[in-house]
Amino acid sequence: MSDPHSSKCHNANPGHQPYDTPVLIVGGGPVGLALAVDLGWHGIECLLVEQSDGAVTNAKFVDINMRTMEFCRRWGIAEELRDKGFDKDYPQDLIFVTSLTGYLLGRLPVPSFAELRTPATVAERIARCPQTIFDPVMRRVAESFPTVTLRYGARCESVTQDGDGVTAVIANPETGRRETLRARYLACCEGAGSTLREALGVQFEGPGTLSLSTNVTFRSEELLHIHDKGPGFYTAIGPEGRWASMLALDGKSLWRVHSIEKSDGDSAIRRFVGRDFNYEILTTLTWQRRELVADRYQVGRVFFLGDAAHQLSPSGGFGLNTGIGDVTNLSWKLAAVLRGWGGDALLRSYDIERRPVGKRTASTATHLFRTLYGDEKPGPAILEDSPEGEAVRVKMRARVDAMIERVNCGYDYGARYEDAGLQLGYFYENSPVIVPDGTPAPLDDPRNYFPTSRPGSRAPHFWLDENRSVLDLFGRGFALLRLGRSPPSTARFEEAAARLGVPLTTHSLEHEHLLALYNRKLVLVRPDGHVAWRGDEPPEDCAAVLNIARGMPGNGGN
Ligand SMILES: Cc1cc2nc3c(=O)[nH]c(=O)nc-3n(C[C@H](O)[C@H](O)[C@H](O)COP(=O)(O)OP(=O)(O)OC[C@H]3O[C@@H](n4cnc5c(N)ncnc54)[C@H](O)[C@@H]3O)c2cc1C
């Protein structure tokens with residue numbers, strides 16, 4: 001058995017050329033970069049190839065949710081990313097208008113990022129951090145790990161695999177120069193247009209394209225001063241119903257209009273504002289809003305993560321965050337297998353655990369999109385200065401109020417719309433590497449989050465002192481929590497872990513509130529922060545539990 005903490009990986013590759021890297025990451029978008037960061041954090045060697053030069057000019061995502069921020073905390077960048085480059089005092093009110101200089105149709109006061117409290121159930125609250133800031137920080141952190149190599153201007157053209165590894169042809173898009181790289185595993189983070197996914201015969205399932213949309217980013221110093229609606233997040237409703245939204249990108253002079261249907265940037269901006277004003281268009285992006293999930297997340301030694309595995313409506317901002325969940329689920333499993341203490345079932349569990357989360361998140365995002373954008377068409381009268389126009393607006397205001405009522409949940413909690421349960425409450429059911437304890441599955445509620453230590457769930461957050469969360473104990477190997485003032489001995493667990501070469505650290509924590517929260521005296525937490533097993537006494541056969549959790553059932557013995 002190898003040293004479980006060593007950074008060296010098993011490199012046996014009989015009959016083939018030596019491996020260039022244990023893990024080849026294809027795609028250096030936010031998900032590929034996050035995988036490089038988490039593998040680097042685990043001390044695992046990896047090589048990332050990205051076809052472009054890595055410059056990000058167009059921020060697709062702007063918000064990072066609570067769970068992703070908890071992982072940014074692990075990587076030491078939560079504070080750095082929090083609302084960087086964004087005016088924290090800018091109010092986030094949801095404001096519904098016919099245009100910014102037209103009629104007001106509804107308003108939900110929402111605290112600014114400065115006013116948001118960190119909810120009791122999380123170590124980190126949501127942050128406004130556009131991709132133009134997130135990706136460069138992730139790149140810098142990835143490059144800071146000696147085990148991580150990033151190569152830009154390198155496109156993966158094809159992949160073949162055999163029993164021992166993956167062979168990829170990498171080309172420089174400018175010079176056309178080709179080379180062959182051999183890896184034990186390949187992580188496909190190619191995004192929505194993944195060609196590897198197609199080449200490996202992975203199909204997408206789901207409704208498909210929901211709309212063809214346009215995002216236009218522009219700068220205007222005067223926008224906030226030429227209308228009377230105040231600062232906020234704006235939604236425009238016209239004769240055809242809700243047709244666009246406008247988001248503040250820095251809380252000062254950078255803005256983004258997102259029109260649900262494809263549109264010309266200039267006319268979308270002018271229509272949204274309702275009058276002439278000074279602005280400069282910076283970028284225009286036309287994209288497809290889709291609900292699609294791959295029918296497999298793993299083909300042999302190739303794994304699919306992020307938008308290569310699932311595409312969802314950005315409503316609610318779940319895309320990146322679901323991708324980061326893929327990353328933190330897969331990276332420790334790859335690390336465990338490469339170090340020799342994890343088994344094949346661990347890698348197989350990636351698809352079993354993550355695909356249901358992808359499906360659940362994708363369908364909730366579509367539901368949210370339909371709730372927010374509905375199909376109510378008020379007709380041209382909504383813009384008229386007449387009794388008939390006012391009657392239409394009164395009706396529309398009632399509808400907007402009802403919609404606000406439905407989605408107004410969780411702002412105090414740092415959540416967005418109806419999604420605290422979606423961000424934190426997903427759990428891995430029927431996983432071969434989770435030991436069930438016989439308790440029934442909790443209600444699958446995307447809206448609300450109820451902390452639980454039931455196996456498969458995210459181990460709940462708890463402040464151990466002013467700055468230290470119990471989550472800070474997770475990540476490097478398994479964490480065995482001994483809770484309360486009279487916990488049982490865990491010596492047999494520790495002996496079994498040492499014998500099997502499984503990295504395990506025991507933490508004895510007396511806090512009675514923590515015991516009440518976790519509701520069991522012993523809780524075994526995986527490196528990704530999900531519970532693998534729990535009980536009030538050590539199991540009869542500690543090795544059997546560890547073997548399941550490390551994907552080698554039936555191996556070892558007590
Ligand atoms: C308008 C909009 C708003 C959004 N808002 C949010 C939000 O607020 N919050 C949120 O969480 N999500 C949001 N999302 C979703 C989020 O942007 C995506 O989920 C996320 O960018 C996916 O990251 P990725 O790394 O998987 O893919 P991508 O960002 O697409 O990156 C893939 C990378 O792979 C590279 N690549 C592709 N093929 C190859 C190859 N063969 N060889 C080498 N390199 C290759 C590409 O050049 C690219 O850099 C939004 C999306 C859109 C469209």
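The following dialogue explains how to read the ligand site and the nonpolar cores of this predicted model.

Colleague: What should I know about the model before reading it?

Modeller: The model is predicted, so local features need pLDDT of at least 70 and side-chain atom pairs count only at pLDDT 80 or more, while totals for chains, interfaces and linings use all residues. Residues are numbered from 1 along each chain as its sequence is written, and side-chain values use heavy atoms, with hydrogens and water left out.

Colleague: Which residues come nearest to the ligand?

Modeller: A residue is near a molecule if one of its heavy atoms lies within 4 Å of it. Here 29 residues surround the ligand, and Glu50, Lys60, Glu190, Asp307 and Leu320 come nearest.

Colleague: Which polar side-chain atom lies 2.7 Å from a nitrogen atom of the ligand?

Modeller: A polar contact with the ligand is a pair of N or O atoms within 3.5 Å. The side-chain atom in question belongs to Glu190. A polar backbone atom of Val31 is 3.0 Å from an oxygen atom of the ligand.

Colleague: Which residues have the most contacts inside the largest nonpolar core?

Modeller: A nonpolar core is a set of buried Ala, Val, Leu, Ile, Met, Phe, Trp, Tyr and Cys residues joined through side-chain atoms within 4.5 Å; buried means under 20% relative accessible area (1.4 Å probe, protein chains only). The largest core has 78 residues, and Leu24, Ile25, Trp75, Phe134, Leu186 and Leu305 have the most contacts inside it. Another core, of 25 residues, lies apart from it and includes Tyr90 and Phe218.

Notes: A polar contact is a pair of N or O atoms within 3.5 Å; within protein, one must be able to donate a hydrogen and the other to accept it, and residues adjacent in sequence count only if both atoms are side-chain atoms. Buried means under 20% relative accessible area, exposed over 50%, partly exposed in between (1.4 Å probe, protein chains only).
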